[in-house]
Amino acid sequence: MLSSVSEVSAAEIVPQVSKDEYLRAFRWLLLARVLDEKLAALYRAGKIPGGGVYLGKGQEALSVSVGISLRTGDVYAPLIRDGAGRLAFGETVVEALRNCLGSVLGPMRGRDGNVHRGRPRDGYLPMISHLGAMISVVNGVLMAKRFKGQKGVVGATCLGEGGTSTGAFHEGLNQAGVERLPLVMVVANNQYAYSTPTSRQFACKSLADRAQGYGFTPHSVDGTNLAECLKVLGHAVALARTGNGPQLVVASLLRLCGHGEHDDASYIDPRLKESEIGRDCLELSEEHLLVNSWASKQELSQWRTAAQRAVEEAVALVQKEPSPDPYTENWCALQTGRFAEGGSK
Amino acid sequence: MSYVPIVMPQLGESIAEATVIQILVQAGDRVVADQNLMEVETNKATTTVTSPCDGFIGKISALCHQSYPVGAVLGQIQVSEEVAQSQPSPNAEPVLARIVSPKIEAVVKEPAQVRSGVVDPTVRGLPVPANASGASYMSPRMKARMAELGLHAADLSGIAGSGAGGRVTIQDLEIFLSNLDKHRTTQASTMRVAVADAMRRSWTRPLATVSLPVSLEALLAHRKTLDPKPGPALYLLRALAIALNENSAPAGRLVGNKLIHPAAIDLGFAVEVEDGVLVPVLRSVETRLLKDLVTRYNELVNLARQRKLPKEATGGSIATVTNFGTFGLTWATPIPLPEQTLVLGMGAGRIAPHWDEVQQRFIPAMEANLTLSFDHRVLDGGGAGRLLSRIAALMTQPELL
């Protein structure tokens, strides 16, 4: 059985990540970082309403690997830090900016900040909360697809290590295990739940150890290493897709920013920043590209410039769009059925 | 040349203001988009304010170590027409300003200019919900502002809230306060403030009143036989003491699921003094006869009026007697002291027709209303009625007092 050996043998079973795959993922990663940097600057210039901007710096390698491993027809419920995964799954920069800048043309019509957006019709679920609430929602969508006879579908959702301490996490994983759903549960252990360190968060040696208790297949991965993330996530998604039940992927990494941009993260242990876990996945992947001669320094620089230009153009476009007018806005609740897969317009 | 404002960003969902701690640029400096312009500090973190675009610093209006509300203009950047064009359109720009409607903006400035002599809040302009009319939500900011001014929720009961769900916002409060300045105000006495505080605390309980008329004929006749003559309130005091000595439970206090019974029948009586009421206390009233209490009672009334009550004659009483009849009133619903369950009142005496069973006719007789106001958590109408009936019966048999 694949599931009983996957954790130790993932590297051997799954072929090495090809140059093309790596480059494709890298370009999303780079775009996500550039977009995050711009969002941070816009936030500090007072251009983002609503009070919160939550970025994914340091988590992009993991995030992009989730988004890129899924395909049309799959379900994706990302976390607040999954800008990279969202882009890889099909969200556009303009769409992201419209939401953050409060454009009335945005997915949430300018009513929401940056975290609760999505396109349910396309399997991209808007987040309810980052504390485990999405697990049972993804379970529900996967159950619905099962009842409809759809096969070969995967649902992925992401959490931080803090989210694993909630009751919703337990209920969701137990349900997925009992139903043997094709769920890929991705946990980004970024060492701090806001300011709470892992020593105050869980007492087990590794969060992947919890997989056994829920009937999940465990996977552990270095979240700073893009190639490893692509390999492990690709493998986990493939296992779920081929009927091997739910998968738990636990990535070790460090959040390289505050909980939100209003937080200066002064509580992060400097020793963690110096350790391997504190390395920047973007810098590491750039090194990887150079060492393998998959890209030159000049190309890297050009790609960054291109990403910056794309983001600046999108910002210029979105900043000219109107925000919702509270006097003319229709404040009635919308029927979510309209947005769901198969819902009428 | 056009100008683009540098604004204080919203640095967290609960953050209303931030303090500028360092300014990194000065007028005339060339800046590029996203460049750090100043460091600001919230109660959560230190961060930077960035430039919204390329240009030259036109003016920095913010001062170091000053706190500014979210959305405040901290300075301006001089930009080319081209850059100005690329900035958000007037329609798209003021998301925050548009949520705070123009109507509110217009009145926000007023309190800052009108009010004086009190500490000005560092932040204005954001609708922060607060409490006024009920025990609903009151924001920490509102609580802090009220504490600063020594205000209580009851003081705000006249404000119509404009916030969500009719909540009183900090703006509502500031406008209310600035309007007060237009009126003549006098300083409330310490006594007035103390009474207000006691009444506020007392009013947190469900209070009720029962009443009964009682004939004073026997009492008035009895009174003539004594020297010095006791006042009607002293008769009432003794009647209450005897009734409570028979059953002290109605004077108990309810704390959680326990009824706290009185330790001794120490009773207070209300004495009107300048701008308030004092309540001298007679100890163990059930053990002392009416005639033995008269001198001490009169002494305490005089001491109270001079505000020279000795310590042993204040506090610790379990119920109070009030003779509101001295104001010519025949009926009232006094409020028991916060630490007491009962207040027994007596109205003014008046001649009323009484039906005489023997003579089968009405005869004129002096009577007064007795009222018993009580904490309905401790006592019901039946219990209160039985206590008051017993007191009324004793009042018609003054020789027992």
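**Buried, paired, packed: reading a predicted model**

Me: In this predicted model, what makes Val232(A) count as buried?

Reply: Val232(A) has 29 other C-beta atoms within 10 Å. The cut-off for buried is 20 or more, so Val232(A) is buried.

Me: And where does Val232(A) sit?

Reply: You'll find Val232(A) in helix α9 (residues 226-241) of chain A. Val232(A) and Asp222(A) are ten residues apart in sequence and 9.6 Å apart in space, going C-alpha to C-alpha.

Me: Why is helix α3 (residues 60-69) of chain A called largely enclosed?

Reply: Just go through its residues. Ten of the ten are buried, so the helix is largely enclosed by the rest of the structure. Among them are Glu60(A), Ala61(A), Val64(A) and Gly67(A). For chain A as a whole, buried residues make up 53% of the 345 residues.

Me: How do you know which residues Leu29(A) touches?

Reply: Touching here goes by C-beta atoms within 7 Å. Leaving out residues up to four places away in sequence, Leu29(A) touches Glu60(A), Ala61(A), Val64(A), Ala84(A), Leu226(A), Leu282(A) and Ser285(A). Glu60(A), Ala61(A) and Val64(A) are also on the list of buried residues of α3(A).

Me: Which residues touch the most other members of the largest nonpolar core?

Reply: That core has 116 residues, and Trp28(A), Leu29(A), Val184(A), Val249(A) and Leu74(B) touch the most other members. Helix α2 (residues 19-44) of chain A gives the largest share of this core, 15 residues. There's also a second, separate core of 49 residues, including Val271(B), Leu290(B), Met346(B) and Leu394(B).

Me: What makes β1(A) and β2(A) a pair of strands?

Reply: Count the bridges: three of them join β1(A) to strand β2 (residues 155-160) of chain A. A pair needs at least two bridges, so these strands pair, and they run parallel. In this pair, Ala77(A) stands opposite Thr157(A) in β2(A).

Me: Why are β1 (75-77) and β6 (217-222) of chain A called edge strands?

Reply: Each of them pairs on one side only. Look at the order in the open sheet of five strands: β1-β2-β3-β7-β6 (chain A), with parallel pairing. From one strand to the next, the twist averages 20°.

Me: How many helices and strands does chain A have altogether?

Reply: Chain A comes to twelve helices and seven strands. As for its contacts between residues at least 6 apart in sequence, 75% join residues at least 24 apart.

Technical notes. Residues are numbered from 1 along each chain as its sequence is written. Chains are lettered from A and ligands numbered from 1 in the order in which they are written. This is a predicted model: local features need pLDDT of at least 70, side-chain atom pairs count only at pLDDT 80 or more; totals for chains, interfaces and linings use all residues. A nonpolar core is a set of buried Ala, Val, Leu, Ile, Met, Phe, Trp, Tyr and Cys residues joined through C-beta atoms within 7 Å. A residue is buried if 20 or more other C-beta atoms lie within 10 Å of its own, exposed if 12 or fewer, and partly exposed in between; C-beta atoms are placed from the backbone. Helices (H or I, at least four residues) and strands (E, at least two) are DSSP runs, numbered from the N terminus. Two residues are in contact if their C-beta atoms, placed from the backbone, lie within 7 Å. Axes are lines fitted to C-alpha atoms, for helices over the stretch in contact, and angles run from 0 to 180 degrees between N-to-C directions.
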